[in-house]
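Let us take a friendly walk through this structure, beginning with a single residue and then stepping back to see the helices and cores around it.

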Amino acid sequence: MGVLAMGKYFMFEMFTTLGFAWSVGLVLAVLFVLAYEFINGFHDTANAVATVIYTKAMPANLAVATSALFNFAGVLLGGLGVAYAIVHLLPVDSLLGMDSTQGLLMVFSLLFSAIIWNLGTWYFGIPASSSHTLIGSIMGVGGAFAWMNHQPILQGINVSKASQIMLSLIISPTLGFVMAGIFLLIMKYVWQKHKIHRTPDEQMQINGKKHPPFWARASLIVSAMGVSFAHGSNDGQKGIGLVMLVLICMAPAYFALDMGSQPYDLERTQDANRRIMAIYDRNQAVIADVIDFNALANVPEYMLAHCSPANVLPAMSLLDRRLAKVSTYKDMDVEERREVRRLLLCIDDTARQVAKLDLPAKDLSSLAKWRKDLTRTTEYAPIWVIIAIATALGCGTLVGWRRIVYTVGEKIGSSSMTYSQGIAAQVTAAVSIGIASMTGMPVSTTHILSSAVAGTMVANRSGLQIQTIKQIMLAWLLTLPITMLLSASVFILANALWG
């Protein structure tokens, strides 16, 4: 049976098993994610083309269309590191502990919150962060789920992962501000009194040309497309992560693990598990404070329902037994697939903690390698998900960009933006977002570029429009608490009505 035929059979079997009502709910949930990503396209991507349009380096329509293509390519080639940083914002127990009804309500609650806030800030032309919006919405429903189950609110949030992401979202705009300012000062030192330091109006008055000088124009275009590609690779992955969150919560039997995995993939996972156990055994003295080496290998399975470093050795033994009994994941029932995913993520989470300890360099290197093999069948995305998100983001880029372009180009600085300022801001944003995507950290395109533009204004002594800066800062401060509160409230209310 060919790959396409197998895919059709798989989808037919899934929808048949789920039934009509849940199939409709699943399709609607995925469409809501695509709607969110479409809105993200015209909300955030306007930042990528703002300077290239404002400096007249490219006609607006051409700039937007080209940006859409680079966004599409960024999603396709960006990997999945950021996607699963989003998925792992919810603890393993919460992610797999929800029933189908709660999973459906969770998805619609967080998407409703994210879409409402994104549309509101776009309408008023405020460069707010879609990343903050999404993360706040996910944390809100996670905390609400814990509260509804009479658990501490923080137990519904992966605090470690959330802290990492929030640190990234705080540091990245600051770095953007500083790096763009320094870059501009270097350009002004190297090319003193050069025409790249003119504004579009000055260029028109001096020589009657509406376009920037050739090399400045080329730099602006290349850097703008670099920002678009980086935006696609980072924000597009967030959409992929959202779809996978939907699929794992609502159809765990088919998406908790990569059902396309072959016997070799399971053997590779089992081998990684055993090799990590061997590393632990060699370094017992170093990691004894993290892992309980006295834990019984054959501890009752019901005691392994929750992820804990203390019981990771019994979990690893159980995983080894589970994988030894089957050749593919299709040989497991639904609960076994849920259990194997929980075990894999729990083992990987403990390995992440062990990797921070003072182990021999060779063991640390091996641990990093085996962790990748261990999670290969959990951190995946079907190709149709990637293409659907790429298409939604690319199409969204084509509309609605004018409001944000006007804010970035006209309302951040007290005076007009020069060509060199546009180059400095865009190169800084492209490099910063690209590095974040490669390291698997979600960042805000909006805040990095806005901060970079502000940094060039300060370095150029152009001054800042305090009212706009206040609006951006206020949006930055309010986005997280408002979206958390909104998504949590909608989730609790929805459960009260339909749960």
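Our starting point, isoleucine 435, sits in helix α19 (residues 419–438); helices here are DSSP runs of H or I with at least four residues, strands are runs of E with at least two, and both are numbered from the N terminus. This is a predicted model, in which local features need pLDDT of at least 70 and side-chain atom pairs count only at pLDDT 80 or more, while totals for chains, interfaces and linings use all residues. Residues are numbered from 1 along each chain as its sequence is written, and side-chain values use heavy atoms, with hydrogens and water left out.

Isoleucine 435 has a relative accessible area of 45%, so it is partly exposed (buried means under 20%, exposed over 50%, and partly exposed in between, with a 1.4 Å probe and protein chains only). Its C-alpha atom lies 9.7 Å from that of asparagine 234, although the two residues are 201 residues apart along the chain.

Now step back to the whole protein chain. It has 21 helices and 0 strands, and 55% of its 499 residues are buried. Contact means heavy atoms within 4.5 Å. Of the contacts between residues at least 6 apart in sequence, 84% join residues at least 24 apart.

What holds the most contacts inside the largest nonpolar core? Leu110 and Ile240 do, in a core of 61 residues. Such a core is a set of buried Ala, Val, Leu, Ile, Met, Phe, Trp, Tyr and Cys residues joined through side-chain atoms within 4.5 Å. Helix α10 (residues 214–250) gives the most to this core, with 10 residues. Beyond its neighbours within four places in sequence, leucine 110 touches Leu134, Ser137, Ile138, Val141, Leu242, Leu245 and Ser487. A second, separate core has 29 residues, including Tyr280, Tyr329, Leu343 and Trp370.

Finally, look at a pair of helices. Helix α3 (residues 60–77) packs against helix α17 (residues 383–397) at an angle of about 160°, with their axes 8 Å apart; axes are lines fitted to C-alpha atoms, for helices over the stretch in contact, and angles run from 0 to 180 degrees between N-to-C directions. The two are therefore roughly antiparallel to each other, a label for angles over 145 degrees (under 35 is roughly parallel, 65 to 115 roughly perpendicular, and the rest oblique). Among the residues making the contact are Phe72 of α3 and Leu393 of α17.
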